[in-house]
Amino acid sequence: MRPNPFHLYVPSNISGLRQLATNWRWSWHLPTQELFRDLNPASWDEASHNPLRQLASVSPQYLDVLAEDAIFVDRVQTAERELNAYLTEPRWFQQEGRSSDLQVAYFSPEFGISEALPQYSGGLGVLAGDHLKTASDLGVPLVAVGLFYHVGYFKQLLAWNRQEERYPIQDPARLGLELCDETILVDIGDQQVTVQVWLAQVGRVTLILLDTAFDANDSGLRDITDRLYGGGPEHRLLQELVLGFGGVKALRMLGEEASVFHSNEGHAGFLGLERVRELVSGQGIAFADAVSQVRQATVFTTHTPVSAGIDRFSRDLMEKYFSGFADDCEISMDILMALGHEPGSSPDDVFNMAYLGLHLAEYANGVSALHGIVSRELFSGLYGTSPEDTPITHVTNGVHAPTWTPPAMAALFETHIGPDWWMGDLEAWRSARDIPDEAIWDIRTAARANLVAFVRKHERAELLSVDSGDTDWCLDMLDPSVLTIGFARRAATYKRLGLLLSQPDRLLRLLLDSDRPVQFVFAGKAHPSDQSGKDLIERVTQFALQHHVRRRMVYLPDYNMGVARAVLDADVWLNTPERPREASGTSGEKAVYHGGLQLSVNDGWWDEMAQPGINGWVIPEGRNWDETADNMFSLIEKELVEAFYDRDDRGIPTRWTALIRGSLETLGWNVSSARMLRNYVSNLYEPAHSALVLPVPL
């Protein structure tokens with residue numbers, strides 16, 4: 001590896017701070033975060049809770065002083081020893097005696113490890129990040145491959161109610177990434193692009209990020225990895241080509257001997273073609289046999305519940321960039337195109353990346369039970385079977401509980417569930433029924449106050465950035481004693497945030513009720529090209545900024561993982577997608593670990609886990625938009641408000657705390673990514689590994 005060009009002075013006897021700051025385990029390990037916060041508590045927020053930025057903010061002279069502080073030196077050395085033990089000691093996978101030679105290569109177009117590494121846009125990337133963290137915690141042998149985007153997704157600014165996009169440049173060295181000495185070459189049509197390889201250490205898992213912003217490339221090739229989901233179809237195809245072809249080459253360069261390849265959505269599907277080329281060109285295996293062999297060791301996860309969400313590329317584009325591949329494999333373009341088609345399609349039909357992923361994967365899954373049904377219906381034509389016989393299973397998504405659980409709740413779980421609460425099973429989480437009302441309500445009261453403080457600070461800073469007018473009113477925005485509903489996710493129209501605005505009189509009555517008010521916190525980005533989503537954000541912000549309601553309703557800008565953690569402190573998580581268009585919807589799962597309750601239509605994960613009256617509320621889907629909105633408002637007015645404000649002589653809403661206990665007992669084990677990844681290992685990874693007839697060369 002080349003030395004990281006971002007040099008920081010650290011005295012030798014606290015040199016462990018370097019390892020602690022550059023292994024992304026800090027992003028979910030509270031003691032490490034506290035160690036860096038204590039370097040300079042005043043600058044921790046300004047450093048965006050990023051240890052490297054925090055180190056850079058501390059003067060060398062003060063670091064020298066700390067290096068002479070025996071207590072601080074012991075804290076650093078203890079944390080370093082603990083990290084090294086975490087990295088080397090047997091964990092669940094090893095303790096269970098699982099397949100010792102299994103090695104998974106996990107490909108995804110985005111990874112949400114932390115807001116300090118902005119290489120994600122939303123749920124798909126955050127899920128991928130949680131997958132890596134969980135693999136590390138469980139000891140599952142896994143290496144990950146993605147792209148490094150120099151401007152990430154985008155920073156969202158709400159200027160006079162309108163979303164504007166900003167694209168700050170990201171310096172990979174200042175993010176603590178290591179640059180490999182070697183580069184790789186990837187064929188791009190009749191050109192070659194030089195790809196540099198950055199490495200991020202995520203606990204025990206290595207994340208490989210491919211980067212085309214290399215001086216030797218011309219400007220068009222340098223810009224392939226400029227931004228996440230930017231540009232048109234050709235730009236998207238080039239990114240996916242670099243991810244698939246380049247990712248396999250990078251694994252080979254680094255000596256990573258993967259036995260199972262996992263494609264997280266169709267964006268990574270070209271990895272299978274590169275593996276086929278390896279077998280055909282390197283070992284002389286016939287193309288059809290190479291495809292069969294690649295299939296055996298491949299897992300494909302679809303996150304798409306509608307056909308329109310699948311990447312498709314024209315035959316002209318495929319010929320422009322894949323003619324050389326066809327020549328290498330001694331096949332016609334018609335044969336190659338068939339890998340992206342249903343049987344009986346015209347060779348000139350568009351190339352479907354989900355079809356490619358399914359053609360090249362023996363093991364395929366949706367991400368919830370309902371999404372498994374939808375996927376079997378969507379793709380049955382590819383297999384020529386009935387939906388019931390279509391070989392697509394499901395593994396319901398989960399979330400990495402240590403990342404998404406606030407410290408007070410984690411301490412509560414450790415006391416009542418056990419020290420390994422985050423990987424506890426149904427039996428372990430039954431202990432949640434014994435958590436006292438007082439403990440739950442004290443934590444929820446503090447959490448709501450934390451959310452209110454965050455909103456006031458965040459909103460005032462945002463308004464000051466676009467307008468020098470009066471912002472003092474932000475200092476009493478929201479009320480820490482009021483029932484708070486959160487809605488934070490991508491601002492896509494199918495998620496139906498507009499339901500709340502469809503009956504403004506009822507919404508106003510909720511907001512302005514003098515005895516039992518309700519307040520709302522919203523956040524979420526619209527894709528830069530999604531004008532409908534941007535219009536929806538504008539409608540909500542215009543409504544929220546009316547003088548008579550602006551202290552009860554807010555739309556927070558620049559939604560990221562940090563903002564998400566704050567909004568998750570709401571009492572209720574609102575989810576209103578058009579069923580069945582939410583493949584899983586993990587944001588609500590995160591709310592469980594904050595003691596939040598669900599108010600959702602029966603879609604995604606909630607469809608299989610909802611127990612109305614025990615762990616939340618189901619919004620009945622009406623015959624039309626107005627009827628669904630009416631059902632939602634009725635639940636808020638008649639059930640949520642009553643349960644929240646009905647207090648006993650201790651001032652505790654016991655019906656509410658009982659629902660929280662029910663949520664924790666029934667969902668705490670089931671929405672965990674530990675449950676999810678154990679499902680992947682048992683049901684997909686190990687079968688794919690066992691079915692492998694010949695080694696797949698890298």
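This tour moves through two sheets, two nonpolar cores and two buried loop residues of a predicted model.

Residues are numbered from 1 along each chain as its sequence is written, and side-chain values use heavy atoms, with hydrogens and water left out. Because the model is predicted, local features need pLDDT of at least 70 and side-chain atom pairs count only at pLDDT 80 or more, while totals for chains, interfaces and linings use all residues.

**The parallel sheet**

Select strands 14 to 19, where strands are DSSP runs (E, at least two residues) and helices are DSSP runs (H or I, at least four), numbered from the N terminus. These 6 strands form an open sheet in the order 16-15-14-17-18-19, with parallel pairing; two strands pair if DSSP finds at least two bridges between them. Strand 16 (553-556) and strand 19 (616-619) are the edges; each has a single partner strand, so one side of each lacks a neighbour in the sheet. From one strand to the next, the twist averages 20 degrees; angles run from 0 to 180 degrees between N-to-C directions, with axes fitted as lines to C-alpha atoms, for helices over the stretch in contact.

Next, display strand 14 with strand 15 (residues 518-523), which are joined by 6 bridges. Here leucine 483 has valine 518 of strand 15 as its bridge partner. Helix 20 packs on the sheet against strand 15 and strand 16, at about 110 degrees to the direction of strand 15. Helix 26 (residues 654-667) also packs on the sheet, touching strand 14, strand 17, strand 18 and strand 19, and makes about 75 degrees with strand 18.

Move to strand 17 (residues 572-575): Val572 and Leu574 point one way, Trp573 and Asn575 the other, and all are buried, that is, under 20% relative accessible area with a 1.4 Å probe and protein chains only. Tryptophan 573 is the bridge partner of glycine 486. Strand 17 pairs with strand 18 (residues 597-601) over 4 bridges, and leucine 574 stands opposite leucine 599. The chain passes from strand 17 through helix 23 (residues 587-592) to strand 18 in a right-handed β-α-β crossover: with the strands pointing away from the viewer, the path from the first strand over the helix to the second runs clockwise.

**The nonpolar cores**

Now colour the largest nonpolar core, of 161 residues, in which Leu132, Met553, Leu640, Trp656 and Tyr685 touch the most other members. A core is a set of buried Ala, Val, Leu, Ile, Met, Phe, Trp, Tyr and Cys residues joined through side-chain atoms within 4.5 Å. Helix 25 (residues 625-645) supplies the largest share, 10 residues. Beyond four places in sequence, leucine 640 is in contact (heavy atoms within 4.5 Å) with residues including Leu483, Val572, Leu599 and Trp656. Another core, of 63 residues, lies apart from this one and includes Cys180, Leu228, Val291 and Ala326.

**The mixed sheet**

Select the 9 strands of the open sheet ordered 5-6-7-2-1-8-9-12-13, whose pairing is mixed. Strand 5 (178-188) and strand 13 (393-394) are its edge strands. Strand 1 (residues 104-107) runs parallel to strand 8 (residues 260-264), joined by 4 bridges, and tyrosine 106 stands opposite histidine 262. Helix 10 (residues 270-283) lies across strand 1, strand 5, strand 8 and strand 9 (298-301), at about 150 degrees to strand 8.

**Two buried loop residues**

Finally, select lysine 495, in the loop between strand 14 (483-488) and helix 20 (504-512). Lysine 495 counts as buried because its relative accessibility is 7%. Beyond four places in sequence, lysine 495 contacts residues including Arg489, Arg490 and Glu582.

Then select asparagine 23, in the loop between helix 1 (16-22) and helix 2 (30-37). Asparagine 23 is buried, at 5% relative accessible area.

Conventions: Buried means under 20% relative accessible area, exposed over 50%, partly exposed in between (1.4 Å probe, protein chains only).
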